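Please walk through the fold shown here, starting from one residue and working outward to the sheet, the helices and the cores.

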Amino acid sequence: MNKKLGFGLMRLPMLDNGKVNFDEFNKMVDEYLERGFTYFDTALMYCDGQSEAAVKKGIVERHPRESFTITTKMHSGYFKNPEEMEKVFEGQLERTGAGYFDYYLVHDVNSHSYPHYTKCGTFEWLKDKKDKGLVKCMGFSFHDGPELLDQVLTEHPEAEFVQLQINYLDWNSVSVRSRECYEVAVKHGKKVIVMEPVKGGTLANVPAEVSKLFKDKDPNASIPSWAIRFAATPENVMLVLSGMSNLEQLRDNTGYMQDFKPLTDEEFAMALEAAKIINKEIAIPCTGCSYCTGGCPVGMPIPTFFSLYNTDKKDINAKNWTPQQELYFNVAKTSCKASDCIKCGMCEGICPQSLKIRDLLDEVANYFEVENA
């Protein structure tokens, strides 16, 4: 692997009917490969379960198998025992048509999922898949603190890499602790794949003050390029994933990553300064991954509500009305209101950002349902 940009298949181009737009996706795949990039990252739950099948139709059936690498994952929510892991894996081979997986991850290792993975022997199961040639390289994605990461890597030295959330907003975060987790991976001699380098789009749409900071330094560089280059700069980072949903994004990302230049020490520090500015403005640091919604007993559209709240908090309310207020109640009509949360806490157990979702939903309810009622 000689290029450090991976194509994340979590946010694909979609049609109005909710299906993958293969006209657009196929063009993106072709251009990505033509520019010398090879790494595609999928998972069973991505794009409402359509992502793995999109791999088969858009990549595997259209390009020689040796011209690309495929990564997918085993999530704790899809199995209760080793037999069910086997069924999930067989389904993934069938849906993708890949024959084997170049990279395979134990997905979303954290304090809640790790005991389940340990009980079911998931790491040992994955090592067996590698020994049989069905997986070429094994690792895990991680959403928790450096202490647990150190434990997992100590107990499972067979893991060849770890996937971490790294971006300039989270590098020194007291909740995500990106830098500390990266340093643990380095201590164990593991390569790092980066997820959420643009933090769900947050670092593509930055405050005007941050935009000016970057543009004054390099007028020709896009705003997202600063985030991706930041994430790719640390020495042990082997790859940065970017969820690209249109050709414009793909062309921008592959353009500056074809001949990747790490940030200088001055530029790295400047990005961290930008993080301080952004943190003053963002209300809820949700990335929109939607992990929290799958098991919600009331069907709460949590990322949608948080996005509307963040946008509305930044809006200029000159007319005592904003579009987000109306959108909030329109969404609520077809699902539920934030105040309908039953406080079960299932969402908090799976949130990669460790957000206190129940308390934040109270904020959203008070904001839209009371203050703006």
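**From one buried residue to the whole fold**

Ile 278 counts as buried because its relative accessibility is 3%; buried means under 20% relative accessible area, exposed over 50%, and partly exposed in between, with a 1.4 Å probe and protein chains only. The model is a predicted one, in which local features need pLDDT of at least 70 and side-chain atom pairs count only at pLDDT 80 or more, while totals for chains, interfaces and linings use all residues. Residues are numbered from 1 along each chain as its sequence is written, and side-chain values use heavy atoms, with hydrogens and water left out.

Ile 278 is part of helix H12. Helices (H or I, at least four residues) and strands (E, at least two) are DSSP runs numbered from the N terminus. Not counting residues up to four places away in sequence, Ile 278 touches Tyr 168, Leu 169, Leu 203, Val 206, Pro 207 and Val 210, where contact means heavy atoms within 4.5 Å. Leu 169 is 109 residues from Ile 278 in sequence, yet their C-alpha atoms are 7.8 Å apart in space.

Tyr 168 also appears in the description of the largest nonpolar core, which has 98 residues: Phe 25, Phe 40, Phe 140 and Tyr 168 touch the most other members. A nonpolar core is a set of buried Ala, Val, Leu, Ile, Met, Phe, Trp, Tyr and Cys residues joined through side-chain atoms within 4.5 Å. Helix H12 (residues 265-281) supplies the largest share of this core, 8 residues. A second core, separate from that one, has 23 residues, including Tyr 309, Leu 355, Ile 357 and Tyr 367. In soluble globular proteins, nonpolar side chains tend to be buried together.

Next comes the sheet. Eight strands form a closed barrel in the order S1-S2-S3-S4-S5-S6-S7-S8, with parallel pairing; two strands pair if DSSP finds at least two bridges between them. From one strand to the next the twist averages 30 degrees. Angles here run from 0 to 180 degrees between N-to-C directions, and axes are lines fitted to C-alpha atoms, for helices over the stretch in contact.

Strand S3 (residues 69-75) serves as an example, with 7 of its 7 residues buried. In a regular strand the side chains alternate between the two faces of the sheet. Thr 69, Thr 71, Lys 73 and His 75 lie on one side of S3 and Ile 70, Thr 72 and Met 74 on the other, and all are buried. On one edge, S3 pairs with strand S2 (residues 39-41) in the parallel sense over 3 bridges, and Tyr 39 stands opposite Thr 69. S3 also pairs with strand S4 (residues 101-109), again in the parallel sense, over 5 bridges; here Thr 72 has Tyr 104 as its bridge partner. Between S3 and S4 the chain passes through H4, in a right-handed β-α-β crossover. Right-handed means that, with the strands pointing away from the viewer, the path from the first strand over the helix to the second runs clockwise.

Helix H4 (residues 82-96) packs against helix H3 (residues 51-60) at an angle of about 35 degrees, and their axes are 7 Å apart. H3 contributes Glu 52, Ala 53, Val 55, Lys 56 and Val 60 to the contact, and H4 contributes Gln 92, Glu 94, Arg 95 and Thr 96.

Further along the barrel, strand S6 (residues 161-165) and strand S7 (residues 191-195) pair in the parallel sense over 5 bridges, with Val 162 opposite Val 192. Helix H8 (residues 178-187) lies across strand S5 (135-142), S6, S7 and strand S8 (237-243), running at about 175 degrees to S6. Helix H11 (residues 247-257) packs on the sheet as well, touching strand S1 (5-8) and S8, and its direction makes about 165 degrees with that of S1.

Asn 236 sits in the loop between helix H10 (223-232) and S8. Its relative accessibility is 15%, so Asn 236 counts as buried. Apart from neighbours within four places in sequence, Asn 236 is in contact with Tyr 182, Val 186, Lys 190, Lys 191 and Val 192.

Two serines remain. Ser 290, in the loop between H12 and helix H13 (302-314), has a positive phi near 70 degrees although it is a residue other than glycine. Ser 354, in the loop between helix H15 (346-350) and helix H16 (357-371), has a positive phi of about 55 degrees and is not a glycine either. Ser 290 counts as partly exposed at 34% relative accessibility, and Ser 354 is partly exposed with a relative accessible area of 48%.
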